[in-house]
Amino acid sequence: MTITPRKLNLFSLFKLPSAWLCGVRVKSIDNEQCTVSVTHKWINQNPFNSMFWAVQGMAAELSTGALVVGYIEDSKKKISMLVAQNNATFTKKATGRITFQCTDGPLIKEGIQRAIATGEGQTVWMRSVGKNCEGIEVSQFNFEWTIKVKQSKV
């Protein structure tokens, strides 16, 4: 994969400033998985002294979306991407450093290959699991990514 955590974090500074300000950072990415972390702070808290659900969502979405972007870049094709649906489950208060990991790289790779081969739009559900410092799951997010090869204008 040609993208790096540094490139993704620089991208978020300029294109996703609310995620950047809240402390969302890509820690690692490869062909299989992407790991993003965020630390509970004053700027990203809710009234219950835990991390606001939307901040968790930004980190979770970035862990899936970075894999999509990476495979699109590697394909050398012009491909559009969009989240069509998402859902989440929260199981514990999110305090301290929360790490979101998506291990669905092979799923999006297959989806992009199908989109290129068929010329038809594809959808791929990707999951990101958020865990605290003790390794206890605090939330789980699922994103339905739609991908479509852009038609060249004649």
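Start by selecting residues 25-29 and 34-39: these are strands β1 and β2, which run antiparallel and are joined by 4 bridges. What you have open is a predicted model, so read every stop on this tour in that light. The two strands form a hairpin, with 4 residues between β1 and β2. To check the register, show Arg25 and look across to β2, where its bridge partner is Ser37. Then go to Ile29, whose bridge partner in β2 is Cys34.

Keep Arg25 on screen and add Trp20. Arg25 lies over the face of the Trp20 ring, 3.4 Å from the ring centre. So Arg25 gives you two things to look at: the bridge to Ser37 and the place over Trp20.

**Across β2 to β4**

Now colour β2 by accessibility. How many of the 6 residues of β2 are buried? The count is 5, so β2 is mostly covered.

Next, add β4, residues 97-102. β2 and β4 pair in the antiparallel sense, over 6 bridges. Two places to click: Ser37 stands opposite Thr99 in β4, and Val38 has Ile98 as its bridge partner there. Ser37 is worth a second look, since Arg25 in β1 is paired with Ser37 and Thr99 in β4 stands opposite Ser37.

Stay on β4 and switch on its side chains. Which residues point to which face? They alternate: Ile98, Phe100 and Cys102 point to one face and are buried, while Arg97, Thr99 and Gln101 point to the other and are not buried.

Then bring in β5, residues 122-131, which runs antiparallel to β4 and is joined to β4 by 3 bridges. Gln101 is a handy place to see this, with Val129 as its bridge partner in β5.

**The phenylalanines**

Select Phe90, Phe100, Phe141 and Phe143: together they form one aromatic cluster. The structure holds 4 aromatic pairs. Take Phe90 and Phe141 for a start: the pair is edge-to-face, with 5.6 Å from centre to centre and 90° between the planes. Phe90 lies in strand β3 (residues 79-90) and Phe141 in strand β6 (residues 137-149), so this pair ties together parts that are 51 residues apart in sequence.

Are these two rings' residues buried or exposed? Phe90 is partly exposed, with a relative accessible area of 42%, whereas Phe141 is buried, at 2%.

Leave Phe141 selected and turn to Phe100. Their ring centres are 6.1 Å apart and the planes are at 70°, so this pair is edge-to-face too. Phe100 sits in β4 and Phe141 in β6, so here the pair ties together parts that are 41 residues apart in sequence. Phe100 and Phe141 are both buried. You have already met Phe100 on the buried face of β4, with Ile98 and Cys102.

**Helix α3 and two positive phi values**

Jump to Gly65, in helix α3. Gly65 is buried, with a relative accessible area of 8%. Draw a C-alpha to C-alpha distance from Gly65 to Lys27 and you should get 14 Å, for two residues that are 38 apart in sequence.

Now look at the loops on either side of this helix. Most residues other than glycine have a negative phi. Select Asn49, in the loop between β2 and α3 (53-75). Its phi is near 60°, a positive value in a residue other than glycine. Asn49 counts as partly exposed, at 48% relative accessibility.

Move on to Lys76, in the loop between α3 and β3. Lys76 is not a glycine either, yet its phi is positive, at about 65°. What does the accessibility of Lys76 make it, buried or exposed? At 72% relative accessibility, where exposed starts at over 50%, Lys76 counts as exposed.

**Last stop: a nonpolar patch**

Finish by selecting Leu10, Leu13 and Phe14 and showing the surface. They make a nonpolar surface patch of about 310 Å². Leu13 is found in helix α1, residues 5-15. With 32% relative accessibility, Leu13 counts as partly exposed; a residue needs over 30% to be part of a patch, so Leu13 qualifies on that count.

Methods: Residues are numbered from 1 along each chain as its sequence is written. This is a predicted model: local features need pLDDT of at least 70, side-chain atom pairs count only at pLDDT 80 or more; totals for chains, interfaces and linings use all residues. Side-chain values use heavy atoms; hydrogens and water are left out. Patches are made of residues with over 30% relative accessible area and no salt bridge: like charges are joined within 9 Å, nonpolar side chains (Val, Leu, Ile, Met, Phe, Trp, Tyr) within 5 Å. Accessible areas come from the Shrake-Rupley method with a 1.4 Å probe; for residues, only the protein chains shown count as cover. A salt bridge is a side-chain nitrogen of Lys or Arg within 4 Å of a carboxyl oxygen of Asp or Glu. Buried means under 20% relative accessible area, exposed over 50%, partly exposed in between (1.4 Å probe, protein chains only). Rings of Phe, Tyr and Trp (its six-membered ring) pair if their centres lie within 6.5 Å; planes under 30 degrees apart count as stacked, over 60 as edge-to-face and the rest as tilted. A charge sits over a ring if NZ of Lys or CZ of Arg is within 6 Å of the ring centre and within 35 degrees of the ring normal. Two strands pair if DSSP finds at least two bridges between them.
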